[in-house]
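The following exercises ask the reader to work from a structure to reasoned conclusions. Each task is followed by a solution in steps.

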Amino acid sequence: MANGTATPTDLDTRLEAHRTELTGYCYRMLGSSFEAEDAVQDTMVRAWRSYDKFEGRSSLRSWLYRIATNVCLDMLTAGNKRARPMDLTESTPLARAALSPRPDNTWLEPMPDARVLPTTHDPAEAAVAKESVRLAFMAALQQLPAKQRAVLILREVLAWKASEVAELLGTSVASVNSALQRARATLAERQEPGAEAAVSDPLDEDQQKLLDRYVAAFEGYDMAALTALLHEDAVMTMPPFDLWLTGTQDITGFMTTLGAPCAGSRLVPVQVNGLPGFAQYKPDPDQGGFMPWAVQVLEISDGRITGFHCFLDTQRWFPLFDLPLHLEAETDQVEQGA
């Protein structure tokens with residue numbers, strides 16, 4: 001269809017076809033689920049308004065990425081770097097554990113796979129896409145200057161050519177290659193907790209059995225069984241609190257003290273950040289049944305759970321994952337999605 005002749009419906013359809021991949025790109029750039037969706041919406045509005053000026057010298061996809069990059073760079077001028085608790089403080093022994101919240105814009109946010117991972121029939125491409133939204137990689141990206149971040153994502157994750165990235169950023173191939181080299185060097189210097197997470201796609205039999213045992217241990221609040229599943233150096237985080245715990249003794253100790261109200265919870269599987277996860281509902285003492293409590297993201301390596309990350313702002317996260325805000329008492333499981 002020639003430029004300028006697209007009907008509103010045609011243009012909407014063409015733009016929407018790119019929404020998921022653009023959301024993934026903006027999420028990697030910004031580290032925030034909601035800011036990513038805002039950035040994509042802004043990109044779509046800008047594209048709609050300026051479509052009559054689109055000369056077709058590049059593909060529609062490249063043009064949209066150029067707009068999205070500019071939107072993200074504008075949003076990143078404030079310099080805020082999204083983080084995980086372990087990026088900000090030292091691990092706290094259970095004896096000194098205190099729940100101190102920080103503002104929402106402090107934290108790296110979880111994201112449902114379906115919103116950022118386009119459907120692909122190429123297993124290698126799917127694996128790269130999943131690995132590039134895992135929490136450890138996302139945290140590493142946040143340490144890069146904004147333009148280096150864009151270059152690394154476009155070159156390493158999306159497999160753009162250096163010349164294509166140079167055109168998008170309005171710079172030279174040499175500049176792109178230099179930025180990529182610096183970005184790689186920065187990431188190589190950092191040992192991100194969780195970077196070793198090895199989860200196959202789909203889950204292999206042993207990984208699925210591990211998750212089944214985890215659900216049984218957590219829902220039964222069986223700390224001995226849970227200890228057997230956790231790596232001895234496992235990490236537990238709970239944004240928006242900056243507290244994080246290391247080791248099975250402190251993790252299970254927390255769960256039986258400050259976390260004791262979670263006994264009797266129900267877990268609903270979710271696909272989050274390229275990793276297995278669960279929506280946790282804990283008993284609702286007022287209405288009966290179960291109330292939302294956390295989106296859990298699990299990191300697995302060598303047959304053990306190495307990372308146990310609980311995102312507690314359920315009024316934001318459960319609607320994002322299309323999860324109900326209440327479970328009836330007789331409902332042990334619920335299909336994800338409304």
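Two strands count as paired if DSSP finds at least two bridges between them. The model used throughout is predicted.

**Exercise 1. Describe how strand 3 and strand 4 are arranged, and examine the hairpin that they form.**

Solution.
Step 1. Locate the strands: strand 3 covers residues 266-272, and strand 4 covers residues 275-283.
Step 2. Apply the criterion for pairing. Strand 3 and strand 4 are joined by 7 bridges, in the antiparallel sense, and the criterion asks for at least two.
Step 3. Find a residue and its partner across the strands: Arg266 stands opposite Tyr281 in strand 4.
Step 4. Inspect the hairpin. There are 2 residues between the strands, and Asn273 has a positive phi near 50°.
Step 5. Consider burial. In strand 3, 5 of the 7 residues are buried, and the strand is thus mostly covered.

**Exercise 2. Classify the aromatic pair of Tyr281 and Phe318, and state where its two members lie.**

Solution.
Step 1. Check the distance. The ring centres of Tyr281 and Phe318 are 5.2 Å apart, and the limit for a pair is 6.5 Å.
Step 2. Check the angle. The planes make an angle of 85°; because angles over 60 degrees count as edge-to-face, this is the class of the pair.
Step 3. Place the residues. Tyr281 belongs to strand 4, whereas Phe318 belongs to helix 15 (residues 314-320); with their positions 37 residues apart, the pair links distant parts of the chain.
Step 4. Judge exposure. Tyr281 has 0% relative accessibility and therefore counts as buried. Phe318 is also buried, at 0%.
Step 5. Set the pair in context. The structure holds 10 aromatic pairs. One aromatic cluster is formed by Tyr214, Phe218, Tyr221, Phe278 and Phe308.

**Exercise 3. Identify which charged side chains lie over the rings of Trp293 and Trp317.**

Solution.
Step 1. For Trp293, the charged end of Lys282 sits over the ring, 3.6 Å from the centre.
Step 2. For Trp317, Arg316 lies over the face, at 4.9 Å from the ring centre.

**Exercise 4. Determine how many disulfides the structure holds, and explain the result for Cys72 and Cys262.**

Solution.
Step 1. The count is 0 disulfides.
Step 2. For Cys72, the nearest cysteine sulfur is that of Cys26, 3.6 Å away. A disulfide requires sulfur atoms within 2.5 Å, so Cys72 is in none.
Step 3. For Cys262, the nearest cysteine sulfur belongs to Cys310 and is 7.8 Å away, and Cys262 is in no disulfide either.
Step 4. Add the burial: Cys72 is buried at 0% relative accessibility, and Cys262 is buried at 10%.

**Exercise 5. Which residues touch the most other members of the largest nonpolar core, and which helix gives the most to this core?**

Solution.
Step 1. Recall a tendency: in soluble globular proteins, nonpolar side chains tend to be buried together.
Step 2. The largest nonpolar core has 101 residues, and Met29, Tyr214, Met236, Met255 and Phe308 touch the most other members. Helix 4 (residues 60-75) gives the most, with 9 residues.
Step 3. Take Met29 as an example. Leaving aside residues up to four places away in sequence, its contacts include Cys72, Leu73, Leu76 and Ile153.

**Exercise 6. Is Asn177 buried, partly exposed or exposed?**

Solution.
Step 1. Asn177 lies in helix 11 (residues 173-189).
Step 2. Its relative accessible area is 35%, so Asn177 is partly exposed.
Step 3. Apart from residues up to four places away in sequence, Asn177 touches Arg155 and Ala162.

Methods: Residues numbered from 1 in each chain as written. Predicted model: local features only at pLDDT ≥ 70, side-chain atom pairs only at ≥ 80, totals over all residues. Heavy atoms only, no water. Phe/Tyr/Trp six-rings, centres within 6.5 Å; stacked < 30°, edge-to-face > 60°. Helix = DSSP H or I, 4+ residues; strand = E, 2+ residues; numbered from the N terminus. Buried < 20%, exposed > 50% of the residue type's maximum accessible area, 1.4 Å probe, protein only. Lys NZ or Arg CZ within 6 Å of the ring centre and 35° of its normal. Core = buried A, V, L, I, M, F, W, Y, C linked by side-chain atoms within 4.5 Å. Contact = heavy atoms within 4.5 Å.
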